Amino acid sequence: MSNKKPVRVAVTGAAGQIGYALLFRIASGEMLGKDQPVILQLLEIPDEKAQNALKGVIMELEDCAFPLLAGIEAHSDPMTAFKDTDYALLVGARPRGPGMERADLLAANAQIFTVQGKALNAVASRNVKVLVVGNPANTNAYIAMKSAPDLPAKNFTAMLRLDHNRAASQIAAKTGKAVGSIEKLAVWGNHSPTMYADYRFATIDGQGVKALINDEEWNRNTFLPTVGKRGAAIIAARGLSSAASAANAAIDHMRDWALGTNGKWVTMGIPSDGSYGIPKEVMFGYPVTCEGGEYKIVQGLEIDAFSQECINKTLKELTDEQDGVKHLL
Ligand SMILES: NC(=O)c1ccc[n+]([C@@H]2O[C@H](COP(=O)([O-])OP(=O)(O)OC[C@H]3O[C@@H](n4cnc5c(N)ncnc54)[C@H](O)[C@@H]3O)[C@@H](O)[C@H]2O)c1
Ligand SMILES: O=C(O)C[C@H](O)C(=O)O
């Protein structure tokens, strides 16, 4: 038994496929630590089928008898689901099906994040840490942030960690080295095929990854498209969008933000502070380190011409998406 006070963790879309891969790991302490009790505040749409499915998930959570699970609540209204919440994982949104582009999702999902941003603004803990997973994640996080003017903008983040983990895995396969030995990897920009996974600074056991791979053709024509289109490849293969790997990335993102990275670089989508010439508030993937519950952008990295081109492209996509939702804000 832990004598720490329980923290409140809200998860939306709790009866969906990511929810099913996520909740059990949060309850077992993989996200916030094996000594941190949690109260789960679960939100689903006010629809009989979804609420019933949520009941089933809750029965299974109960049946795990997790020692750290100090309470479970089922909600159909964000105003109650987000009450006093310390962490909010905004997963609930429509996923992409085969053949759909991310832009198709913007119209379908944007409204969800104005409503939820306003609810967080009204009732969440003033220190709430928000992770948006529902796609298009960066722009949804931007909408939620803009809809919550009384909360610090820096508390709103978008998930780029899946791209980061995918990039690490491709590099491990290419070099034949252990994935856990890769450090200083960065993913810039949007969680979309335009993201720029950048291993120019990465090291494996102190050796430079760029020199180790020494294959710019592979970087441009294999690595970047493979990482960028991995979500679509999974949809084509499974008929459903990634869920276990997305849940895993959400756990990684929140754990590192809350508990720190010990100086290691990770990627988070965060509101820009102007670093690297990205306009302020654009929800942009950056390499960061985390300490004491705060993230800090890795500064001073040289951006060469190819990298700048890639960054400009993903930035343009994000500013276009932002323009497309102006009327909602
Ligand atoms: N950022 C990433 O890296 C990443 C990776 C994978 C998936 N995703 C996205 O995550 C989202 C969820 O994916 P999934 O596979 O779990 O989908 P899913 O359809 O299995 O589950 C989504 C759940 O959200 C619920 N929901 C919808 N609107 C809601 C609302 N307003 N409030 C509360 N709940 C709501 C639905 O009822 C459903 O149960 C999708 O948008 C998907 O594209 C993001
Ligand atoms: O690609 C998708 O639509 C799902 C998700 O964002 C992913 O990257 O797997």
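Two pockets in a predicted model

The second largest pocket has a lining of 18 residues, and R161, H164, N165, I182 and K264 are the ones nearest its centre. Elements supplying two or more residues to this lining are α6, β7 (182-183) and α10 (244-259). This is a predicted model, in which local features need pLDDT of at least 70, side-chain atom pairs count only at pLDDT 80 or more, and totals for chains, interfaces and linings use all residues. Residues are numbered from 1 along each chain as its sequence is written.

A pocket is an open set of points, on a 1 Å grid over the protein atoms alone, where a 1.4 Å probe fits and protein lies on both sides within 12 Å along at least five of seven lines; lining residues have an atom within 4 Å of a point. Helices (α; H or I, at least four residues) and strands (β; E, at least two) are DSSP runs, numbered from the N terminus.

The second largest pocket holds about 340 Å³ of space. Its lining has 6 nonpolar, 5 polar and 7 charged residues. Here Ala, Val, Leu, Ile, Met, Phe, Trp, Tyr, Cys and Pro count as nonpolar, Asp, Glu, Lys and Arg as charged, and the others, Gly among them, as polar.

The volume of the largest pocket is about 920 Å³, a volume being the space filled by probe spheres set on the points, which are joined across faces, edges and corners. Its lining has 44 residues, with V91, G92, A93, R94 and P95 closest to the centre. By class, the lining of the largest pocket has 20 nonpolar, 17 polar and 7 charged residues. The helix that gives the most to this lining is α4, with 5 residues.

Note on methods: Chains lettered and ligands numbered in written order. Heavy atoms only, no water.
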